[in-house]
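I opened a fresh page for this model and meant to look up single residues before turning to the whole chain and its pockets. What follows is kept in the order in which I looked.

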Amino acid sequence: RRSSDLHYREAVRIFQTIAPRIAQDAGAQFEMVNAFEALGDALGNPGLPNLGDAQGAKDAYEKARSTAEAIAAAHSDNLRGRRAVGVMDWKIGTVEMGLGKVDEGLRKYQSALQVFEVAVARDPLNPTTRLFLGLATGKVGSAFEAAGQTQAALAQYQKASDIERGLMKADPQNAQSKNSYALSLQTRANLLRKTGDRGGALALYREALGIFRQVLAADPQNPRSQALCAETLAAIGEVAAAGGGKK
C-alpha cells in the first residue's frame, strides 16, 4: 500500500499545483476528486486495505468533497458532482464509524442521505442516483443499529430494501441490482435474528436466497455468487435449527 500511497500523494500534489488553471474544467476537477478519494481510501478507509491514518483519510475526503461542491455550484445540472459530495460524506462517516464515533458517523451518513434525496428529487429516473440513495439509506440504518436503536435501524433498512426493489424491477436482468436488493434483505434478516424474530429473519433469508440463486444460475462460476448462496443457506440452517421454522 505504501507505493500506491506515494503515487496518490504525487497525483494530489500535481492537481493542487494546477488547480487554478482547471477551475472551469469540470472533467479535470473530477480527476482531482478521484485523486483525493483514492488517497483517502489508501490512508484510512476501514472497508479497504489501508495505512491506518484515519485523520489523513478524513482530510483527503474533505478536500474531495469541497472540490465536488465547487463543481456542483458551478454546474447546477451536474448530477455527478452532487453525488460525489454525498459519497464523500458517507466515506467520512465510514471512517468515523471505524473509530467508534457512532454519533459522528450517523451525522455524516444523514448528510449523505440528504444530498441523494435532493439529487433524486431533481432527476427521479436516474438509476445511479437512486442506487446511491438506497446505499446511503442503508448506511444510516447501520449507524442506528450500532447505536442500539433497533427500530430506527429496521425502518431505514426497510426503506433501503424498497429502493433496491424498485431498481431491480426497473432492470430485472441486472445482476448488480438483484444482488443489492438481496443484500438489503439479508441485512434486515441479520438484525431481526439478533432481536429474536427468527420467523421474520427466515422469510427474508429465503427471499434473498432465491435472488442469489437466480444470479448464480446466470453465471454459475461466479465465486461471489457462490459465496452469497452458501452464506445465506448457512444462515437459514442456523435459524431453522434454532426454531425459526422448517427448512
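**Ser225 and its contacts**

I looked up Ser225 and found that, leaving aside neighbours within four places in sequence, it is in contact with Val215 and Leu216, contact being taken as heavy atoms within 4.5 Å. I note that this is a predicted model, in which local features need pLDDT of at least 70, side-chain atom pairs count only at pLDDT 80 or more, and totals for chains, interfaces and linings use all residues. Residues are numbered from 1 along each chain as its sequence is written, and side-chain values use heavy atoms, with hydrogens and water left out.

Ser225 has its place in helix H10, where helices are DSSP runs of H or I with at least four residues, strands are runs of E with at least two, and both are numbered from the N terminus. Is Ser225 buried or exposed? I entered it as buried, because its relative accessibility is 4% and buried means under 20% relative accessible area, with exposed over 50% and partly exposed in between (1.4 Å probe, protein chains only).

**Gly243**

Helix H10 spans residues 223–244 and also holds Gly243. I recorded Gly243 as exposed, because its relative accessible area is 53%. Its C-alpha atom is separated by 8.3 Å from that of Gly199, which lies 44 residues apart along the chain.

**Leu79**

I then went to Leu79, which is found in helix H4 and counts as buried because its relative accessibility is 14%. Not counting residues up to four places away in sequence, Leu79 touches Ala119, Asp123, Asn126 and Thr129. For the pair Leu79 and Ala119, 40 residues apart in sequence, I noted a C-alpha to C-alpha distance of 6.8 Å.

**Chain and core**

For the protein chain I listed ten helices and zero strands. Of its 247 residues, 47% count as buried, and among contacts between residues at least 6 apart in sequence, 58% join residues at least 24 apart.

Which residues have the most contacts inside the largest nonpolar core? They are Phe116 and Tyr205, in a core of 61 residues, where a nonpolar core is a set of buried Ala, Val, Leu, Ile, Met, Phe, Trp, Tyr and Cys residues joined through side-chain atoms within 4.5 Å. Phe116 touches, among others beyond four places in sequence, Trp90, Phe132 and Leu133.

**Pockets**

I took a pocket, on a 1 Å grid over the protein atoms alone, as an open set of points where a 1.4 Å probe fits, with protein on both sides within 12 Å along at least five of seven lines, and with lining residues having an atom within 4 Å of a point. About 420 Å³ of space lies in the largest pocket, a volume being the space filled by probe spheres set on the points.

Its lining has 15 residues, and Leu135, Gly138, Lys139, Leu183 and Thr187 lie nearest the centre. Helices H4, H6, H7 and H8 each supply at least two residues of this lining, and H6 gives the most, with five.

The second largest pocket has a volume of about 210 Å³, and the residues lining it include Leu125, Pro127, Arg130 and Asp171. The elements giving two or more residues to that second lining are H6, H7 and H8.
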